[in-house]
Amino acid sequence: MFFLPGRRVLLFLALVIAWVVATFKLFLIPHQDRAGRADAVVVLSGSKAPRLGKALDLMGRGVAPVLVISHGRDRSWPQANRLCRHGGPGFRVVCFLPVPDSTQGEAQTFGRLAARRRWRSVLVVTSTFHVTRARMLFRRCVDGRVRAVGASYNLRHVFDYVFSEWGKLAYALTLHRRC
C-alpha cells in the first residue's frame, strides 16, 4: 500500500520528462534537413520576415530557380508584395493563396501547384517550431522529395507556439491523416 503513491509519482515524473524531451525534439530543436538543390523553395506564411529572409538567403545561394510564397500578396507584407510583382534577382517568384488558410491548406495548394509544374523536390521554409508538422503535411501532399528548414522566431511566444503545435500535430496524426 505504501508503494502505490510512490509509483504514481514516478509514473507522473516519467511522463513529464518524456513530454519535455519530445517537446525539445519535435519543436524546439527539431531535425532540419540539409538545404540542397530543389525545384522550388516555398515560404509558409506566419512569421513573415524571418521566414522570407531565410528563403532569400537560400535563393541567393542558388538552392532553387523558383521561390514560392504563401500569402505573398498580403498587404501587410511589402517585401513579399514586391517579389510577387517583380520577381527576384536571378530567380522566378510564384505567389499563392492557400485554400483553406492553414498549413494543411498550404500543403494542399502547393501540392497541386507542384504537380502542374512537375516539381519533384521542394524545400519548405517555416519557423523552427513548425518544421516537424510542416514537413509531415507537405510530404503527404507533394509527390516528390520534401525537405524542411526552420527560421528564427520570437522566443517571447515560445510557450504559445509549443502548446499550439502539440494540438495541431495531434490532430494531424489522428483525425486528419491525409493530404
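The following exercises, with worked solutions, concern a predicted model.

**Exercise 1. The nonpolar cores**

Identify the residues of the largest nonpolar core that touch the most other members, and state which elements supply this core.

*Solution.*
Step 1. The largest nonpolar core holds 30 residues. Within it, V42, V68, F110, W119, V122, V124 and F138 touch the most other members.
Step 2. At least two residues of this core come from each of the strands β1 (40-43), β2 (66-70), β3 (92-96), β4 (121-127) and β5 (145-151), and likewise from each of the helices α4 (103-117), α5 (131-141) and α6 (158-174). Helix α5 gives the largest share, six residues.
Step 3. V122 may serve as an example of a core member. Apart from neighbours within four places in sequence, V122 is in contact with A38, A40, V42, F110, V142, R145, V146 and R147.
Step 4. There is also a second, separate core of 21 residues, and L58, W77, L123 and V125 are among its members.
Step 5. As a general remark, nonpolar side chains tend to be buried together in soluble globular proteins.

**Exercise 2. The disulfide of C84 and C95**

Determine the handedness of the disulfide between C84 and C95, and state which elements the pair ties together.

*Solution.*
Step 1. The sulfur atoms of C84 and C95 are 1.8 Å apart. The cut-off for a disulfide is 2.5 Å, and the two cysteines form one.
Step 2. The torsion about their S-S bond is about -95°, so this disulfide is left-handed.
Step 3. C84 belongs to helix α3 and C95 to strand β3; the pair therefore ties together parts that are eleven residues apart in sequence.
Step 4. Burial means a relative accessible area under 20%. C84, at 10%, is buried, and C95, at 18%, is also buried.

**Exercise 3. The disulfide of C141 and C179**

Describe the link between C141 and C179, and classify each cysteine as buried, partly exposed or exposed.

*Solution.*
Step 1. C141 is joined to C179 by a disulfide with an S to S distance of 2.1 Å.
Step 2. The value about the S-S bond is 115°, and the link is right-handed.
Step 3. C141 lies in helix α5, whereas C179 lies in the segment after α6, so the pair ties together parts that are 38 residues apart in sequence.
Step 4. C141 counts as buried, with 12% relative accessibility. C179 has a relative accessible area of 32% and is partly exposed.
Step 5. The count of disulfides comes to two. With the bonded cysteines numbered in sequence order, the pairing is 1-2, 3-4.

**Exercise 4. Helix α6**

Check the span of α6 against its expected value, and locate its buried residues around the axis.

*Solution.*
Step 1. Helix α6 has 17 residues, which at 1.5 Å a residue should span 24 Å. Its end C-alpha atoms are 24 Å apart, in agreement with this expectation.
Step 2. The buried residues of α6 are V158, V162, E165, L169 and A172.
Step 3. These residues cover an arc of only 95° around the axis, and therefore lie on the same side of α6.
Step 4. In general, an α-helix has 3.6 residues a turn, so residues three or four places apart point the same way.
Step 5. On the face of α6 turned away from the buried side are the exposed residues F159, D160, F163 and T174.

**Exercise 5. The setting of N81**

State whether N81 is buried or exposed, and list its contacts.

*Solution.*
Step 1. N81 is placed in helix α3 (residues 78-86).
Step 2. The relative accessibility of N81 is 13%, so this residue counts as buried.
Step 3. Leaving aside neighbours within four places in sequence, N81 is in contact with G72, R73, D74 and R75.

Technical notes:
Residues are numbered from 1 along each chain as its sequence is written. This is a predicted model: local features need pLDDT of at least 70, side-chain atom pairs count only at pLDDT 80 or more; totals for chains, interfaces and linings use all residues. Side-chain values use heavy atoms; hydrogens and water are left out. A nonpolar core is a set of buried Ala, Val, Leu, Ile, Met, Phe, Trp, Tyr and Cys residues joined through side-chain atoms within 4.5 Å. Buried means under 20% relative accessible area, exposed over 50%, partly exposed in between (1.4 Å probe, protein chains only). Helices (H or I, at least four residues) and strands (E, at least two) are DSSP runs, numbered from the N terminus. Contact means heavy atoms within 4.5 Å. The expected span of a helix is 1.5 Å times one less than its number of residues. The arc is that of the directions from the helix axis to the C-beta atoms.
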